[in-house]
Amino acid sequence: MESLLRRLDRIAGGRHAGYTVPEEGRDHPRTRRAFIVIAWLLVAELVIGTTAVVIALVLTLDGAAVPFAVWMRSVVVLGMTVTLFYFAWRAQKGYYWAYSRLRLFSKIFPVVTLVIAAIPGLYPFWMVTEQIVFSLILIGVADYLDSDHMREAFPRPARAVTTAP
């Protein structure tokens, strides 16, 4: 199983896929606490995403027309959340690439989500509300990842020095 995860890490992490941060930062109580909170925030995201699918399903079964955009959004949110869980899990193991991806996506996804939610008539009101809550929770994840302590605990890998002939 670990070899499969390392291959996946290589795809997601690129050239720094094997770089892990020093243990003292990774195992620090503040780091562990931050990842516990992040995990709970992602659980909330999973509940919200699952609830959106259930609402769409119930509306469909009741005969309401549920737009394709609602179904697509629901599936995408669940996929994104699973991806964020993977990044959080690997970051907790000390992989810098996962921390940086989680940090990046927890900043980008709320912006994209809010912009799409602002398009008039694209989603029903309940889904716009779901998108706003989703964004606020991800902003919370980004806030934890952007703390001084977390940036210290996850230092960037050193750049390779190349010399010209």
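These exercises walk through a predicted model of one chain, each with a worked solution.

Residues are numbered from 1 along each chain as its sequence is written. In this predicted model, local features need pLDDT of at least 70, side-chain atom pairs count only at pLDDT 80 or more, and totals for chains, interfaces and linings use all residues, while side-chain values use heavy atoms, with hydrogens and water left out.

**Exercise 1. The overall fold**

Task: State how many helices and strands the chain has, and give its span.

Solution:
- Start with the elements, which are DSSP runs numbered from the N terminus: helices are H or I of at least four residues, strands are E of at least two. The chain has 7 helices and 0 strands.
- Read along the sequence, and the pattern is α-α-α-α-α-α-α.
- Now take the C-alpha trace. Along its principal axes it spans about 65 × 40 × 35 Å.

**Exercise 2. Surface, burial and charge**

Task: Find what share of the chain is buried, what it exposes, and how its charges are placed.

Solution:
- Fix the terms. Buried means under 20% relative accessible area, exposed over 50%, and partly exposed in between (1.4 Å probe, protein chains only). Of the 165 residues, 37% count as buried.
- Turn to the surface. Accessible areas come from the Shrake-Rupley method with a 1.4 Å probe; for residues, only the protein chains shown count as cover. The chain exposes about 9,800 Å², and carbon and sulfur atoms supply 68% of it.
- Count charges. Lys and Arg are positive, Asp and Glu negative; His and the chain ends are not counted. Each charge is placed at NZ of Lys, CZ of Arg, CG of Asp or CD of Glu. There are 17 positive and 12 negative side chains, and the centres of the two sets lie 7 Å apart.
- Check the contacts (heavy atoms within 4.5 Å). Among those with a separation of 6 or more, 77% join residues 24 or more positions apart.

**Exercise 3. Helix spans**

Task: Compare the spans of α3, α4 and α5 with the expected values.

Solution:
- The expected span is 1.5 Å times one less than the number of residues.
- Helix α3 has 33 residues and reaches 48 Å from its first C-alpha to its last, close to the 48 Å expected.
- Helix α4 has 25 residues and reaches 36 Å, close to the 36 Å expected.
- Helix α5 has 22 residues and should span 32 Å; its end C-alpha atoms are 32 Å apart, so the two agree.
- Look just past two of the helix ends. G63, just after α3, takes a positive phi of about 95 degrees. G94, just after α4, takes a positive phi of about 105 degrees.

**Exercise 4. The nonpolar cores**

Task: Identify the residues of the largest nonpolar core that touch the most other members, and say which helix gives the largest share.

Solution:
- A nonpolar core is a set of buried Ala, Val, Leu, Ile, Met, Phe, Trp, Tyr and Cys residues joined through side-chain atoms within 4.5 Å.
- The largest has 26 residues; I38, L84, Y99, L102, L145, M150 and F154 touch the most other members.
- Helices α3 (29-61), α4, α5 (96-117), α6 (125-145) and α7 (148-153) each supply at least two residues of this core. The largest share, 7 residues, comes from α4.
- Apart from this core lies another, of 9 residues, among them A56, V70, M127 and V128.
- Go back to I38. Not counting residues up to four places away in sequence, I38 touches A88, L102, V141, Y144 and L145.
- I38 is also one of the buried residues of α3. What covers those buried residues includes α2 (23-26), α4, α5, α6 and α7.

**Exercise 5. Three residues**

Task: Decide whether A91, L114 and R156 are buried, partly exposed or exposed, and list their contacts beyond four places in sequence.

Solution:
- A91 is found in helix α4 (residues 68-92). Its relative accessible area is 0%, so A91 is buried. A91 touches F35, A98, Y99 and F154. The C-alpha atoms of A91 and F35 are separated by 8.7 Å, though 56 residues apart along the chain.
- L114 sits in helix α5. Its relative accessible area is 35%, so L114 is partly exposed. L114 is in contact with I132 and S135.
- R156 lies in the segment after α7. Its relative accessible area is 69%, so R156 is exposed. R156 is in contact with Y19 and Y96.
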